[in-house]
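Q: Could you take a close look at one part of this model for me? I would like to see how a loop is built and what surrounds it.

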Amino acid sequence: MEKLDAGLVSVLADCGSATAVVRVRSPWQLASLERRFDVVARFPFISAVGVRCDRKEAVRLASMQEVVSVTAQRRVCALDDVTAVPNGGEGYAAESFAAVGLTGRGVTLCVLDTGVAPHLDISVPRDRIKEFRDFVGEGEHPYDDNGHGTFVAGVAAGGGVLSAGRVRGVAPEAEIVALKVIGASGETGAFTILEGMQWLFDNCARLGVKVACMSFGADPLVSADPLKAGAEMLSRRGITVVCASGNSGAGSLKSPGVSPEVITVGAVDGEMRVADFTSSGVYQGVYRPDVFAPGVAVRGVDAGGTYALMTGTSVSAPYVAGACCLLHERYKALTPREAKRMIVASSVVRDGVRVFVL
């Protein structure tokens, strides 16, 4: 059956049962699934539920007229390589637009990642973590047991307090909403990512979120990809979504960065050469990443309270996300489509690809 994901069929053959994302044509049809199947998660923003099923139930779901797709819950990973360094260590530090009076002030960025620790560069002279939600554990206060999310937040919006301004993010006065959707290991499941996306969809207006950064990835599905659909619904909600392309080289783009409605970012080194690890390729007829940005030996904040070097498209994505915060500060009515057009148009073509550098 076309609706039934081959990956799910394989898992069911090996394990007997599995959790799957089931999408229907309309959110009004979700209630019917809840009455008839073992629903363990709900994602109404993409008209989907998470269902525990066996092979017989999966086939039954795929045969239902209202069902669009039945796909396996995939593994999702943070995309990075981190090395701790002293405060004065070498590396590429993101610059802000302070020279032209833009700092991200009044703009809220959502970081969906491993959490955000209250580093001095984020919490002094004022705490800019506007809200924190933990979808992995039960934490009530901001924390990061991996370090990835804190670094990502710092590249986009670090204030440079600890380094006396030498290391700071692109939008050093932006507010941050931190959603912990990835655990200490740097891995998570698609259900957890979708739970975070659903929460953001429901609360973005209340919190004034204008930009979302997603420095994680999963192997994409050819069609009916839930992570791609989730990112697109956030974009249609008015949020400029910036995604890392992945760190697996040519021909291995990661989801949700395969979506045409997000800004997908690859990595370049300090000489503006494309990093070999950058995932790139053609998805549904379109080449991505959309742009490339600094992503090799970038210096930024560490969850332990100092600084670290990080390499990966996880670094490139928040660099562009920070720039989007500046655009939203400058143009209050900016739409995600317009933000993407401006980022792409302001990039420089080098060796056949578009490189965005402030």
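A: Proline 125 sits in the loop between α4 and β8, the strand of residues 129-134. This is a predicted model, and in it the peptide bond from valine 124 to proline 125 is cis, with omega near 5°. Most residues other than glycine have a negative phi, and most peptide bonds are trans. A second cis bond runs from serine 255 to proline 256, where omega is near 15°. Proline 256 belongs to the loop between β13 (240-244) and β14 (263-268).

Stepping back along the chain from proline 125 brings us to the other end of α4. Histidine 119 lies in the loop that links β7 (108-113) to α4 (120-123). With a relative accessible area of 3%, histidine 119 is buried, because the cut-off is under 20%. Its side chain reaches two backbone oxygens: that of threonine 306 at 2.8 Å and that of glycine 305 at 3.4 Å. Setting aside neighbours within four places in sequence, histidine 119 is in contact with Leu162, Val301, Asp302, Gly305 and Thr306.

Two other loops are worth a glance for their backbone angles. Glutamine 284 has a positive phi of about 50°, although it is not a glycine; its loop lies between β15 (281-283) and β16 (286-288). Aspartate 351 also has a positive phi, near 50°, and is found between β20 (348-350) and β21 (353-355). Glutamine 284 has 56% relative accessibility and therefore counts as exposed, and at 77% aspartate 351 counts as exposed too. A glycine with positive phi, near 90°, is glycine 16, which follows α1. At the N-terminal end of that helix (residues 6-15), aspartate 5 acts as a cap, with a side-chain oxygen 3.1 Å from the backbone nitrogen of glycine 7.

To place these loops in the whole, the protein chain has 9 helices and 21 strands. Its radius of gyration is 20 Å, close to the 21 Å that the globule rule gives for 358 residues, so the chain is as compact as a globular protein of that length. Of the 358 residues, 60% count as buried. Among contacts with a separation of 6 or more, 77% come from residues 24 or more positions apart. The chain exposes about 14,200 Å², and carbon and sulfur atoms supply 50% of that area.

Conventions:
Residues are numbered from 1 along each chain as its sequence is written. This is a predicted model: local features need pLDDT of at least 70, side-chain atom pairs count only at pLDDT 80 or more; totals for chains, interfaces and linings use all residues. Side-chain values use heavy atoms; hydrogens and water are left out. A polar contact is a pair of N or O atoms within 3.5 Å; within protein, one must be able to donate a hydrogen and the other to accept it, and residues adjacent in sequence count only if both atoms are side-chain atoms. Helices (H or I, at least four residues) and strands (E, at least two) are DSSP runs, numbered from the N terminus. The radius of gyration is taken over C-alpha atoms; the globule rule is 2.2 Å times the number of residues to the power 0.38. Buried means under 20% relative accessible area, exposed over 50%, partly exposed in between (1.4 Å probe, protein chains only). Contact means heavy atoms within 4.5 Å. Accessible areas come from the Shrake-Rupley method with a 1.4 Å probe; for residues, only the protein chains shown count as cover.
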